[in-house]
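Here is a guided walk through one chain, going from a loop into the interior and back out again. Keep the structure open beside you and turn it as you read.

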Amino acid sequence: MTDPESLFHDIAQDNVVIHYFKNHSLRVMLLSSSLGKRYGCYDENLRIAAMLHDIGKMGISKEILFKPDRLNDLEMEIIKTHPHTGNRIVRNYLGFPEAAEYVRDHHERWDGAGYPRGLKGKEISIQGRIISICDAYDTMTLDNRSYKKDQFNSGQAVSELMAQAGKQFDSELVHLFIDMLPEIKIPMYLLD
């Protein structure tokens, strides 16, 4: 069995898609670890899940992941498979069932409109809810994927998180995240 860091780095070197997501994943790990510590639920499983939250995307074509236009229904269904695929990799290959659950939960929504299981509110693991907020913030502000039309500044991203508090995101965690942001320093090497 391999360790999570080796798996992440091996795949990031060998897989164009995961290589593209490497710094995003490391930033989400940093943000999620900080928020988990602030909430009092940080452990190694949260760190692993945040680092590997997008590992399930390695089987999805670049044409879908980086499509500049809106995804069609079939393409969206394919995208929705990545939390389940990531769950299986982390559970079966790495042997981390708790971390696997958090990977699976990171696209669930507070209002129940998420995927893959349509969980609602506290049915979603707290760690999955943490990763969801950190993933969204990083995607809005720092992630330079080609399909993104506009990159938000931190204030715009905070406004969007607030607008989605109680809908997409856990309101309590959104407030903790926003309070924590001034203390977070993203290392320069993760900003390219």
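Let us begin at Gly112, which is in contact with Gly118, Leu119 and Lys120 once its neighbours within four places in sequence are left aside. Bear in mind that this is a predicted model. Gly112 belongs to the loop between α7 and α8. With a relative accessibility of 24%, Gly112 counts as partly exposed, because that class covers the range between the 20% limit for buried and the 50% limit for exposed. If you would like a sense of distance, look for His84: its C-alpha is 17 Å from that of Gly112, and the two residues are 28 apart in sequence.

Now move inside. In soluble globular proteins, nonpolar side chains tend to be buried together. Here the largest nonpolar core has 43 residues, and those with the most contacts inside it are Leu52, Val90, Ile130, Leu161 and Phe177. Two or more residues of this core come from each of α1 (4–14), α2 (16–39), α3 (44–51), α6 (82–93), α7 (97–105), α8 (126–141), α9 (154–164) and α10 (171–180). The largest share is that of α8, with 8 residues. Ile130 makes a good place to stop: not counting residues up to four places away in sequence, Ile130 touches Ser32, Leu35, Gly36, Cys41, Leu46 and Leu173. There is also a second, separate core of 8 residues, with Ile60, Ile64, Phe66 and Ile79 among them.

Next, the aromatic rings. How many aromatic pairs does a search of the whole structure find? The search finds 2. In one of these, the ring centres of Phe21 and Phe66 are 6.0 Å apart and the planes meet at 20 degrees, so the pair is stacked. Phe21 sits in helix α2 and Phe66 in the loop between α4 (62–65) and α5 (73–79), so this pair links parts of the chain 45 residues apart. Phe21 has a relative accessibility of 1% and counts as buried; Phe66, at 16%, is buried too.

Tyr137 and Phe177 also form an aromatic pair, this one edge-to-face, with 5.2 Å from centre to centre and 65 degrees between the planes. This pair links distant parts of the chain as well, joining helix α8, which holds Tyr137, to helix α10, which holds Phe177, across 40 residues of sequence. Both Tyr137 and Phe177 are buried. A ring also has a charged partner elsewhere: Lys37 lies over the face of Tyr42, 4.9 Å from the ring centre.

Phe177 leads us along α10, whose buried residues are Leu173, Val174, Phe177 and Met180. Seen down the helix axis, these buried residues of α10 fall within an arc of 130 degrees, so they line one face of the helix. The general reason is that an α-helix has 3.6 residues a turn, so residues three or four places apart point the same way. At the N-terminal end of α10, Asp170 acts as a cap, with a side-chain oxygen 2.9 Å from the backbone nitrogen of Glu172.

We finish at Asn72, in the loop between α4 and α5. Asn72 counts as partly exposed, at 37% relative accessibility. The side chain of Asn72 reaches the backbone nitrogen of Glu75 at 2.8 Å. For a last look across the model, find Pro187: the C-alpha atoms of Asn72 and Pro187 are separated by 36 Å, and the residues lie 115 apart along the chain.

Technical notes. Residues numbered from 1 in each chain as written. Predicted model: local features only at pLDDT ≥ 70, side-chain atom pairs only at ≥ 80, totals over all residues. Heavy atoms only, no water. Core = buried A, V, L, I, M, F, W, Y, C linked by side-chain atoms within 4.5 Å. Buried < 20%, exposed > 50% of the residue type's maximum accessible area, 1.4 Å probe, protein only. Helix = DSSP H or I, 4+ residues; strand = E, 2+ residues; numbered from the N terminus. Contact = heavy atoms within 4.5 Å. Phe/Tyr/Trp six-rings, centres within 6.5 Å; stacked < 30°, edge-to-face > 60°. Lys NZ or Arg CZ within 6 Å of the ring centre and 35° of its normal. Arc of directions from axis to C-beta. Polar contact = N/O pair within 3.5 Å; in protein donor to acceptor, adjacent residues only side chain to side chain.
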